[in-house]
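Please open the structure in a viewer and keep the sequence at hand. The tour below proceeds by selections, each followed by a description of what is found there.

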Amino acid sequence: MRKPLTDQELHNLAMNHVGKELEERGFEFIAVNSTLKKHPQFVCVDKNQQRFFVIVKAVKLPANPHNYDVVWMETFKKHAKDNDAIVLFAGLGLGNPDDESLPIYLDEDYLLEYNGIQVIETPLN
């Protein structure tokens, strides 16, 4: 029987994509938080020991994965600045390839809309 993915499972799927990209870019993980709606999901450093806070947002298509709450982000940017960190954002859209109104099922193909990791400028507005 087909099992639809829960919101937490969709979030974990998105985190797997982002985590692989971070590894490929040479980041070292300091902390990983896979709890839904707890930020940041990844705290990592680059080869120069610069700290990064990575926010992963997973949405069901056709919702736009590249939009985020600008007001909330200002608060998060302050937190990053206080911790000498750069904010990275990764928005991923996930969908059923047969019909976007259907759920994504465990161990089945899915659509992925992902434009990579984006730097969020930390100067406060």
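Which residue just after α1 takes a positive phi? Select Gly 26: its phi is about 90°. The model under view is a predicted one.

**The first helix**

Select α1, residues 7–24. This helix has 18 residues and reaches 26 Å from its first C-alpha to its last, close to the 26 Å expected at 1.5 Å a residue. Colour its buried residues next: they are Leu 10, His 11, Leu 13, Ala 14, Met 15, Val 18, Gly 19, Glu 21 and Leu 22. To see what covers them, display the strands, since the cover includes β1, β2, β3, β4 and β5 (111–114).

**The nonpolar cores**

Keep α1 in view and add β2 (42–45), β3 (51–60) and β4 (85–95); each of these elements gives two or more residues to the largest nonpolar core. The core has 14 residues, and those with the most contacts inside it are Val 18, Leu 22, Phe 42, Val 54 and Val 56. The greatest contribution comes from α1, with four residues.

Centre the view on Val 56. Apart from neighbours within four places in sequence, Val 56 is in contact with His 11, Ala 14, Met 15, Val 18, Gln 41, Phe 42, Ala 90 and Leu 92. A second, separate core of 10 residues can then be located by selecting Phe 53, Phe 76, Ala 80 and Ile 120, which it includes.

**A residue of the first strand**

Move to Phe 29, in strand β1 (residues 28–32). Is Phe 29 partly exposed or buried? Phe 29 counts as partly exposed because its relative accessibility is 28%, between the 20% limit for buried and the 50% limit for exposed. Its contacts, leaving aside neighbours within four places in sequence, are Gly 19, Leu 22, Glu 23, Phe 42, Val 43 and Cys 44. Of these, Val 43 may be examined further: its C-alpha atom is separated from that of Phe 29 by 6.1 Å, although the two residues are 14 apart along the chain.

**The largest pocket**

Where is the centre of the largest pocket to be sought? Select Leu 36, Lys 37, Val 56, Lys 57 and Ala 58, which lie nearest to it among the 18 lining residues. The volume of this pocket is about 390 Å³. At least two lining residues come from each of α1, β3 and α2 (70–82), and β3 gives the most, with six residues. By type, the lining divides into 10 nonpolar, three polar and five charged residues.

**Backbone features in the loops**

Most residues other than glycine have a negative phi, and most peptide bonds are trans. The following selections are therefore worth viewing against that background.

Select Lys 37 once more, in the loop between β1 and β2. Its phi is near 70°, a positive value in a residue other than glycine. Lys 37 counts as exposed, with 70% relative accessibility. In the loop between β1 and β2 one also finds Pro 40; the peptide bond from His 39 to Pro 40 is cis, with omega near -5°.

Proceed to Pro 62, in the loop between β3 and α2. The peptide bond from Leu 61 to Pro 62 is cis, with omega near 20°.

Finish at Asp 107, in the loop between β4 and β5. Its phi is positive, near 60°, and Asp 107 is exposed, with a relative accessible area of 75%.

Definitions and conventions. Residues numbered from 1 in each chain as written. Predicted model: local features only at pLDDT ≥ 70, side-chain atom pairs only at ≥ 80, totals over all residues. Heavy atoms only, no water. Core = buried A, V, L, I, M, F, W, Y, C linked by side-chain atoms within 4.5 Å. Buried < 20%, exposed > 50% of the residue type's maximum accessible area, 1.4 Å probe, protein only. Contact = heavy atoms within 4.5 Å. 1 Å grid on protein atoms, 1.4 Å probe; cavity = no way out; pocket = protein on both sides within 12 Å on 5 of 7 lines; lining within 4 Å. Points joined across faces, edges and corners; volume = space filled by probe spheres on them. Nonpolar A, V, L, I, M, F, W, Y, C, P; charged D, E, K, R; others polar. Expected span 1.5 Å × (residues − 1).
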